[in-house]
Amino acid sequence: MMIERVCQTEIRELKEENKRLKLENEQLKKGKGDVKKQQKQIFNHYGLDLQLDQLVEECSEVIQAACKYKRRCRDLNNPRILGSLIEEIADVKNLIEQLELSDVYIARRVEELKESKVKRQIKRIEKEKEIVIQ
């Protein structure tokens, strides 16, 4: 009985958080150009070395948040833990986008490699399916 009440409360909180995030996402899409300008301004202010240091720190935080989410959320769906993971992903993504904005070559090469890696993984999945069928 108590567990059901806790789960219902957490589900309600997750739904509210989801609504809030959707609204934020819509607002971000509207002002996306402004965000890019601001990211470039931030990068130019701090420079490559400091932003790389910050990226390392944020990557370690996203790893911690992902581990915590896997450990705790499978049972509880705790919106605070999910929110923490989302926040850390945003931090990492923000810094990566700053690096991409700082250099056209970086942005282009990241996109090329991303596409290549996705295609390679799809081929691996197809091979795995062939092995299962045989």
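# Reading a four-helix model

Reader: Let's start with α3. Which residues of α3 are buried?

Author: In this predicted model, the buried residues of α3 are P79, I81, L85, E88, V92, L95, E97, Q98 and L99. The call rests on relative accessible area, with under 20% counting as buried and over 50% as exposed. E97 is a good example: its relative accessible area is 17%, so it is buried.

Reader: And how do I check that a helix has a sensible length? What span should helix α3 have, and how far apart are its end C-alpha atoms?

Author: The general idea is to allow 1.5 Å a residue. Helix α3 takes in residues 79-102, which is 24 residues, so it should span 34 Å. The end C-alpha atoms of α3 are 34 Å apart, which agrees.

Reader: Let me zoom out. How many helices and strands does the protein chain have?

Author: Four helices and zero strands. Read from the N terminus on, the order of elements is α-α-α-α. Of the 134 residues in the protein chain, 15% are buried. The accessible surface comes to about 11,000 Å², and carbon and sulfur atoms account for 56% of that.

Reader: What share of the contacts join residues at least 24 apart in sequence?

Author: You start from contacts between residues at least 6 apart in sequence; in this chain, 66% of those join residues at least 24 apart. For a pair that is far apart in sequence, take E17 and G83: they are separated by 66 residues, yet their C-alpha atoms are 8.2 Å apart in space. E17 sits in helix α1, residues 2-30, and its relative accessible area of 23% makes E17 partly exposed.

Reader: Now the core. Which residues make up the largest nonpolar core?

Author: Think of buried nonpolar residues joined through their side chains. Here the largest such set has eight residues: F43, L55, V62, A65, L85, V92, L95 and L99. Two elements, α2 and α3, each give two or more residues to this core.

Reader: Pick one of those. What does L95 touch, leaving out residues up to four places away in sequence?

Author: L95 touches Q51, Q54, L55 and E58. L55 is also a member of the largest nonpolar core.

Reader: Q51 has a polar side chain, so it caught my eye. Is Q51 buried or exposed?

Author: Q51 counts as buried, because its relative accessibility is 8%. Q51 belongs to helix α2, residues 32-76. Beyond its neighbours within four places in sequence, Q51 is in contact with I42, F43, Y46, L95 and Q98.

Reader: Y46 is on that list. Where is Y46 found, and what sort of patch does Y46 help make?

Author: Y46 is in helix α2 too, and at 45% relative accessibility Y46 counts as partly exposed. Together with I42 and L50, Y46 makes a nonpolar surface patch of about 280 Å².

Reader: On to charges. How many salt bridges are there?

Author: The general idea is simple: side chains of opposite charge can pair when their charged atoms come close. In this model the count is three. One of them joins E97 and K36, with 3.6 Å from N to O. Since E97 lies in helix α3 and K36 in helix α2, this pair ties together parts that are 61 residues apart in sequence. K36 is partly exposed, with a relative accessible area of 28%.

Reader: And which pairs form salt bridges in helix α4?

Author: Here's the helix rule to keep in mind: with 3.6 residues a turn, residues three or four places apart point the same way. E112 and R109 are three residues apart in helix α4, residues 104-133, or about one turn. They form a salt bridge whose closest N and O atoms are 3.0 Å apart. K114 and E111 are also in helix α4, three residues apart, and so are separated by about one helical turn; in their salt bridge the closest N and O atoms are 3.3 Å apart.

Reader: How accessible are those four residues, E112, R109, K114 and E111?

Author: E112 has 40% relative accessibility, so it is partly exposed. R109 is partly exposed at 33%. K114 has a relative accessible area of 45% and is partly exposed, and E111 is partly exposed at 34%.

Conventions
Residues numbered from 1 in each chain as written. Predicted model: local features only at pLDDT ≥ 70, side-chain atom pairs only at ≥ 80, totals over all residues. Heavy atoms only, no water. Expected span 1.5 Å × (residues − 1). Buried < 20%, exposed > 50% of the residue type's maximum accessible area, 1.4 Å probe, protein only. Contact = heavy atoms within 4.5 Å. Core = buried A, V, L, I, M, F, W, Y, C linked by side-chain atoms within 4.5 Å. Patch = residues over 30% accessible without salt bridge, like charges linked within 9 Å, V, L, I, M, F, W, Y side chains within 5 Å. Areas by Shrake-Rupley, 256 points an atom, 1.4 Å probe, with all protein chains shown as cover. Salt bridge = Lys/Arg side-chain N within 4 Å of Asp/Glu carboxyl O.
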